[in-house]
Amino acid sequence: MDQEKQPRAYGNHRAPAHYESGDGCLTTLIRIPVRIVVLVIVLPVRMVWDALVATSRAADRMLLRPAGRALAWLCRVLVVIPLVQLYESVLTPLGHGLRRLAAVVGRGVLWLGAAVFVWPWMALWRYVVVPVVRYGIVAPAVRIYVSLLTPLGHGLRRVYRSLLTPVGRGVAAVTVWVLTALFVWPVVGAWRYVLVPLALALDRLVKYLIVAPSAWAYRALLTPLGHGIAWLAGVVASGVVAMGRGLGTAVVRLVMTVLVTPVRWFWRQVLAPVGREVAAAIGVAWRIAGYLSRAVGRALAWLAWHLIGAPVAWTYRTVCTPVGHFVRDMVWAPARRAAAEAGRAARGALRTARETVRRARRDAWRALVGGGPAPEPREPVAPLARTLGSTTTVPSAAPEPEISLRKQG
C-alpha cells in the first residue's frame, strides 16, 4: 500500500488533515483507539451539558417568564395603580392647596417684614442720615476747601516755583561737582594710569612664560604620545573582539547542536502531532457525543410525551376546557355584569351626592354673602317656526322679509 498517495479532491470536498500531513499507518492505527477513549470520556460530559442546557431553557420558558409576568402584574396592581391614584386624588389637590396657602402666607410675611425691618431704615436714611451728612458735613467741608485750602495751595505752589526751585538746582549742581571731584576723578585716574598698564604687563608675562611653552609641549610631546597609545589600544581591542566573536560563534553552535536541535525535533515529531491528534479526537468525540446526546434526549422526550404529555393534553381538552367554559358562562359572566351594574349605580350615587353638596355650598355662600337668586338652568328651546309675514313669536317684533328661492338679479 502506497502511503504517499493522497486521495483526489472532487467538488468542494477537501482531503482530511491527516492525509495532507502525510501520516502513516502507525498514526492512523493509534488515532482510532485514542478517539474511542476520548469519546468514552467526553460522552458523559456532553450528555450532562445538553441536559443542563435543556433544563435551563425549559425552566426559563415554563417558570421564569410566567413568574416575571405575574410579578409585574402584581406590582402594577398592588403598587403602581394605588400610588397613581394616591398622587392624583390626594397629593395633587393637597399640593395645590399648600401652594396657595404658602403664597398667601409668603405675601403676608413679606409685607410684615418690610413694615418692620425695611421701611423704618429707609425713613431713617432718607430723612435723618442724608440731611445730616449733606448739611452738617459735606457743605462745610466744601466751603473750607473752596475758601481756605485752594488759595493756600496756590500760594505755596508760587513760593515753590519762584524760590525753592532755583535754590535747589544750585545746591544740586555744587553737590554733584564736589562728589565728582572727591570720588570719581581719583578712581578714574587710578584705573587709567595704574591698573590698566599693570594688567597688560601681567598678560604679556603669562603669555610668553606659560602659554607658549605649554602649547609647544602639547604639540611636540603629548599629541604623538596620545596617537601611539590610541593605536596600541586599537590593536589590542581588535584582537579581543576577534577572539570574542570566535568564542561566541562556537558557544552558539554548541548550544544549537546540543540543546535547540533535539528540543525542536522532539517538539515537531512528538509533541505537535500528539497535540493535534488529541485536539482532533476531542472535537470528533464532542460532535459524536452531541449526536448521541440528542438521540437520547429525543427518546426521553418521546417517552415523556406518551407517558405524561398526551394524558395531560387529553385531560385538558376533555375535562378542563368544558369545565372552564361552564364556569366562564354561568359564574364569571353574571358576576362581572352584576359588578358592572353595582359600579354604575355607585358612580351615579356619588355623582348625585357631589351635585347635592355643590348646590348646598352655593346656597350657603349666597346666604352668607348675599345676592340675587341664581337663574335656574333651562333646557335649550328651539325657536318657534313662523309663517311668512307673521309675527306670532313676539308680538312687538317686525315680520321677517320674505325670501325668494330665485336668485336676485
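Here are three short exercises on this structure, each with a worked solution.

This is a predicted model, so local features need pLDDT of at least 70, side-chain atom pairs count only at pLDDT 80 or more, and totals for chains, interfaces and linings use all residues. Residues are numbered from 1 along each chain as its sequence is written, and side-chain values use heavy atoms, without hydrogens and water.

**Exercise 1.** Find how many helices and strands the chain has, and what share of its residues is buried.

Solution. Helices (H or I, at least four residues) and strands (E, at least two) are DSSP runs. The chain has two helices and zero strands. Buried means under 20% relative accessible area, exposed over 50%, partly exposed in between (1.4 Å probe, protein chains only). Of the 409 residues, 4% count as buried.

**Exercise 2.** Identify the residues of the largest nonpolar core, then the contacts of Val 42.

Solution. A nonpolar core joins buried Ala, Val, Leu, Ile, Met, Phe, Trp, Tyr and Cys residues through side-chain atoms within 4.5 Å. The largest has five residues: Val 38, Val 42, Ala 281, Ala 285 and Ala 289. Contact means heavy atoms within 4.5 Å. Leaving aside neighbours within four places in sequence, Val 42 touches Ala 285, Trp 286 and Ala 289.

**Exercise 3.** Classify the one aromatic pair in the structure.

Solution. Rings of Phe, Tyr and Trp (its six-membered ring) pair if their centres lie within 6.5 Å; planes under 30 degrees apart are stacked, over 60 edge-to-face, the rest tilted. The structure holds one aromatic pair. Trp 111 and Trp 119 form it, at 6.2 Å centre to centre with 85° between the planes: edge-to-face. Trp 111 is exposed, at 55% relative accessible area. Trp 119 is partly exposed, at 44%.
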